[in-house]
Amino acid sequence: MPSKDPLDADRIRDGLKTKRIGRQVIVLATVSSTNDTAAEYAGDPKNDGLVILAEEQASGRGRAGNRWCGGKGQSVLCSIVLTNESLDAELLSLTAAVAAAEAIGETARIKWPNDIMLNGKKAAGILLESKQTENGKAYIIGIGINCHQKDFPAELASTATSIDIEMQTFCDRITVTKRLIASIEHWLEEATKSGEMILNRWRELSTLLGQRITVIHDGRDFTGNCVGIDPDAGLILQLDSGTLGFFPANQTTVGK
Ligand code: BTN
């Protein structure tokens, strides 16, 4: 059945006020992973800000080697090429999470480090990758937003959701994509002026700050109150043992 809201590069670009992100938008039908397609463009500085979208991914991937599934025409599957970026990976990742949350809507929240939640279930995720090119290091921000899914495979049913399920509506993927592009550009600019700007917005949207949580790090559980986030040190816990614990995003999982 044809999609009710097919992605369309001209409609996405129409009225977009951004100067960097989305100057070029490419919409594809089926790709292995939009991050792989984006990586092919990452060596040319002219492609800074390029947005690659696909209706379907045959081998979409998530963090920690997980698969990212979606169903044709059901999601915003997006990768953004940054060939000229001064922010480091941690801040970029938080920036993408903030932008994805804002694109989804006011009720979206961020579960550390960059899962986007609606009513306690995951509606979107970020996969930041980099590529060394002859022109320097390029970043690819991969963002997957569940839009029209009505149900999920059994193993995800209790943890995953979509905008349509939670908002009880049929969202328009073009509108979501436009908001995503505008928000990424805005927060990249703010974060470049001051990392604190993006951290403060991330904190406002965070579900973990102030919560008592358990994280798994180096195969061990650590429990305490979440008192902060630091772009380098990661999640900061006031541990039950009395000390402060610092848990970098790439080596830590938040437990149940
Ligand atoms: C996560 O595990 O939470 C990250 C999911 C990231 C999925 C997006 S979909 C667009 C881009 N292409 C991919 O293969 N992955 C990212």
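**Exercise 1. Strand β3**

Task: In this predicted model, determine which residues of β3 point one way, which point the other way, and whether they are buried or exposed.

Solution.
Step 1. Sort the side chains by direction. S75, L77, S79 and V81 point one way from β3, while V76, C78, I80 and L82 point the other way.
Step 2. Check burial on both faces. All of these residues are buried, where buried means a relative accessible area under 20%. For the strand as a whole, spanning residues 75-82, the count is eight of eight.
Step 3. Look at the strands that pair with β3. Strand β2 (residues 51-57) runs antiparallel to β3 and is joined to it by four bridges; in this pairing V51 stands opposite I80. Strand β7 (residues 136-146) is also antiparallel to β3, with eight bridges, and I145 of β7 is the bridge partner of V76.
Step 4. Add the helix. α5 lies across β2, β3 and β7 and runs at about 30 degrees to β3.

**Exercise 2. The seven-stranded sheet**

Task: Give the strand order of the open sheet of seven strands and state which strands are at its edges.

Solution.
Step 1. Write the order: β1-β2-β3-β7-β6-β5-β4, with mixed pairing.
Step 2. Find the strands that pair on one side only. These are β1 (25-31) and β4, the edge strands.
Step 3. Take the twist, which averages 25 degrees from one strand to the next.
Step 4. Examine one pair inside the order. β6 and β7 are antiparallel and share 10 bridges; A124 stands opposite I145 of β7.
Step 5. Place the helix that packs on this sheet. α3 touches β3, β4, β5, β6 and β7, and its direction makes about 145 degrees with that of β6.

**Exercise 3. Helix α6**

Task: Identify the buried residues of α6 and explain why they lie on the same side of the helix.

Solution.
Step 1. List the buried residues of α6 (residues 195-205): I198, L199, W202 and L205.
Step 2. Take their arc around the axis. They cover only 125 degrees, which puts them on the same side of α6.
Step 3. Relate this to helix geometry. An α-helix has 3.6 residues a turn, so residues three or four places apart point the same way.
Step 4. Name what covers these residues. The cover includes α3 (89-104), β4 (109-111), α5 (173-193) and β9 (220-230).

**Exercise 4. Two domains and the second sheet**

Task: Describe how domain 1 and domain 2 meet, and give the strand order of the open sheet of five strands.

Solution.
Step 1. Set the bounds. Domain 1 covers 9-205 and domain 2 covers 212-254. Their centres, taken over C-alpha atoms, are 26 Å apart.
Step 2. Count the contacts: 10 residues of domain 1 are in contact with 10 residues of domain 2.
Step 3. Take the buried area. About 840 Å² is buried between the domains, with carbon and sulfur atoms giving 72%. On the side of domain 1, E90, W112 and L199 lose the most area, together 59% of what that side buries.
Step 4. Write the order of the five-stranded sheet: β11-β10-β9-β8-β12, with antiparallel pairing. Its edge strands, each pairing on one side only, are β11 (244-247) and β12 (252-254). Neighbouring strands of this sheet are turned by 45 degrees against each other on average, direction ignored.
Step 5. Examine the pairing at β12. Strand β8 (residues 212-217) and β12 are antiparallel over three bridges, and V254 in β12 is the bridge partner of V215.

**Exercise 5. Backbone exceptions**

Task: Where is the cis peptide bond, and in which loops do A64 and N119 lie?

Solution.
Step 1. Recall the usual case. Most residues other than glycine have a negative phi, and most peptide bonds are trans.
Step 2. Locate the cis bond. The bond from W112 to P113 is cis, with omega near -5 degrees. P113 belongs to the loop between β4 and β5 (115-118).
Step 3. Turn to A64. This residue is not a glycine, yet its phi is positive at about 55 degrees. A64 sits in the loop between β2 and β3 and is exposed, with a relative accessible area of 80%.
Step 4. Turn to N119. Its phi is near 50 degrees, again positive in a residue other than glycine. N119 lies in the loop between β5 and β6 (121-133). With a relative accessibility of 59%, N119 counts as exposed, the cut-off being over 50%.

Methods. Residues are numbered from 1 along each chain as its sequence is written. This is a predicted model: local features need pLDDT of at least 70, side-chain atom pairs count only at pLDDT 80 or more; totals for chains, interfaces and linings use all residues. Side-chain values use heavy atoms; hydrogens and water are left out. Buried means under 20% relative accessible area, exposed over 50%, partly exposed in between (1.4 Å probe, protein chains only). Helices (H or I, at least four residues) and strands (E, at least two) are DSSP runs, numbered from the N terminus. The arc is that of the directions from the helix axis to the C-beta atoms. Contact means heavy atoms within 4.5 Å. Two strands pair if DSSP finds at least two bridges between them. Axes are lines fitted to C-alpha atoms, for helices over the stretch in contact, and angles run from 0 to 180 degrees between N-to-C directions. Domain bounds come from an automatic or database domain assignment. Buried area is the accessible area (1.4 Å probe) that two parts lose on being put together, summed over both.
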